[in-house]
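The report below is meant for someone meeting this structure for the first time. It starts with one detail and then widens to the whole chain.

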Amino acid sequence: MNESNVWEKRFSRERSARKQAEAILEKKSAALYHSNESLKAAQTDLEMQVHQRTQALETAIEQMQREVVLRREAENRLRESRDSALELSELKTQFLARMSHEMRTPLNAVIGLTGILLDSTTSPEQENHLRTVRSSGEMLLRIINDILDLSKIDADKLELEYAPVLIENILEQTISLVMLDASKKNITFKYDKNLGTHCELVLDGGRVQQLVLNLLSNAVKYSHRGRITLTAELIQDDTISPPAELIEFAPRGENQLLSITISDEGIGIAPDDMEQLFQPFTQFAEGVAAGGTGLGLTICKRLCELMGGDVHAESELGKGSTFGFTIPCRIPETTDDEAVQGSSSTVFPSTSETGAWLLSGRMNEHMIARHAEDSYKKPLSILLADDYEVNRMVQHAQLEQLGYRADAVANGEEALRALHARDYDLILMDIRMPVMDGLEATRLIRNRQSEHQPFIVAVTASAIDGDREKFVAVGMDDYISKPVDMGALAAVLSRAYDNKVKARTTMDAENMTPLDLDFSELQSRLGHATDELLRKVIPVYLRELPARQQSLSQSFAEKDVQVFAQVCHGLKGSSRSIGANELARRCEAAERQGFEGELPTQNEINDLLQLTARTAKALEAKLQSLNGETA
């Protein structure tokens, strides 16, 4: 094989190989082209998807922004609606408070004037008409109080007044208030208690009394016979959360749960009506002249919730009902271990005598009768100032048992208005009241330009150290604690009458020409030293005279003839030695009468006290003359 053939074969193989390589390259290029085209298509599709997603996201963002704007607008509208509702609620509360105040003003005048007329009327028919007018006015006041209480609760403006109280006294007083109505239906009361050994509980006694009275009144109203059972139980419960006000008043007290239930055998309530039972203005009194506003149970429920508790009810039509409530309370750190309540069950017959006995704190009936008998000899015009209707009812009933009537107002401002219409001898003044409290009212009363100043007594649930000093500092004369004890109230009435007599005799003495004094005997014995002695003796006599006047009044009121005679004997001697011969002669006659076992009449004791005031005025004038002063 020649060399050319060799190269030709080699060239042929190389060409064949190159063609194969070109074919492979072309195939690879085509595959790469198709891959690039697929990649471009995928990229285009991805870009399309990204674009679509971006548009969808932008649309969602725009929608979200619109929703945010709409939500903000809705929130603004809700805020405006809420503010408007709060403003309307505040305006409603202010309107009701103002209207109740304006309505109370003429009603207080009606009730007060009927009280004056009742004191002076002699016709039985007129007295009956006046009592009807007075009771109608008091009913209107109760309706106003119900509406105002509900308004205060709705507006979150009702303040609780926590203090240590004797819960058993509160419950017995409340039972006594419904005794008269119950006695007309021959209903008996059963009182079961399981209160442990604690004499005091920290709670709002006035509001608890209001709750119990509402439920008891309903039980009596819707019962025609049978028995009403009140059960009071104290339950220790570490899981309860007392209201902040209760914790603030008794920070280290022991948590308890007070449970009170009232069961009756009355007409009952239909199952379909139970769901609406605690709604405002709801009444279920088929065949019963119920009356009222239909707010009692609503107020009970709201009050319980306000105090951190709840109210419950069970009833069966025709067989009776059971209403009850539970509220947190606390046992104060220090309790009176001697006053043990324990567990007991008592049945009370429904009579006015039983009601009086419970209301008086179980005072002896002869003591009550004696105080009532004294009321005719010790007349007093009395004003009650307390925003709790139940407190006013209790004090009204207690005063009636002691032989007195009283007018009532709901705050200090109304007390001032009442004083413009009539002079009162005694004001029983609550401390914490809306519009104007008792302290401010007392300050304004004492600053009045008036010859007549009433005897003002603070009536308060608070009895902490320093209270008496605070009350005296603003011008109050005395104070008693809630729940009011009948014995303490009787003592206050006696002191108020003594103050009335003292004020009257002082005023009468100031309007009279002072009596003449006779110093001739002193001058005959002492000569020129008489004036010097009188300068020393008269201040001593005047300093001791108020205590002697008080002893005269007190011994006369207590019908203690021996003490009365001894006081007259001492006053006779000191008066004669200082030249007050007229007073000495009068004391001598009264002394002789006392040692014979008799007391002077009311007019005679008034004249004697007036004479002591005139004597004091004459001696004051003499002392000024001796000291070179002008009257």
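In strand β10, which covers residues 406–409, the side chains alternate, with Ala 406 and Ala 408 pointing one way and Asp 407 and Val 409 the other way, and all of them are buried. The model described here is a predicted one. Strand β9, made of residues 382–385, pairs with β10 in the parallel sense over 4 bridges, and within this pairing Ala 385 stands opposite Val 409.

Three residues that lie in helices can be set side by side according to how much of their area is accessible.

| Residue | Helix | Relative accessible area | Class |
|---|---|---|---|
| Gln 395 | α11 (residues 389–401) | 6% | buried |
| Asn 499 | α15 (residues 486–510) | 25% | partly exposed |
| Leu 140 | α2 (residues 124–154) | 42% | partly exposed |

Gln 395 of helix α11 counts as buried because its relative accessibility of 6% falls under the 20% cut-off. When its neighbours within four places in sequence are left aside, Gln 395 is in contact with Leu 384, Asp 386, Leu 428, Val 459 and Val 484.

Asn 499, found in helix α15, has a relative accessible area of 25%, so it is classed as partly exposed, between the limits of 20% and 50%. Its contacts, again without the neighbours within four places in sequence, are Gln 453 and Phe 455. Gln 453 and Asn 499 are 46 residues apart along the chain, and their C-alpha atoms are separated by 9.8 Å.

Leu 140 lies in helix α2 and is partly exposed at 42%. Together with Met 139, Ile 143 and Ile 147, Leu 140 makes a nonpolar surface patch of about 320 Å².

How far apart are the end C-alpha atoms of helix α20? The 25 residues of this helix, numbered 602–626, should span 36 Å at 1.5 Å a residue, and the end C-alpha atoms are indeed 36 Å apart, so the expected and computed values agree. After α20 comes Gly 628, whose phi is positive, near 75 degrees.

Turning to the whole chain, the secondary structure of the protein comes to 20 helices and 13 strands. The chain has 631 residues, of which 43% count as buried. Among contacts with a separation of 6 or more, 75% are between residues 24 or more positions apart. The accessible surface of the chain comes to about 33800 Å², and 52% of that surface belongs to carbon and sulfur atoms.

Technical notes. Residues numbered from 1 in each chain as written. Predicted model: local features only at pLDDT ≥ 70, side-chain atom pairs only at ≥ 80, totals over all residues. Heavy atoms only, no water. Patch = residues over 30% accessible without salt bridge, like charges linked within 9 Å, V, L, I, M, F, W, Y side chains within 5 Å. Areas by Shrake-Rupley, 256 points an atom, 1.4 Å probe, with all protein chains shown as cover. Salt bridge = Lys/Arg side-chain N within 4 Å of Asp/Glu carboxyl O. Helix = DSSP H or I, 4+ residues; strand = E, 2+ residues; numbered from the N terminus. Buried < 20%, exposed > 50% of the residue type's maximum accessible area, 1.4 Å probe, protein only. Expected span 1.5 Å × (residues − 1). Contact = heavy atoms within 4.5 Å. Pairing = 2+ DSSP bridges.
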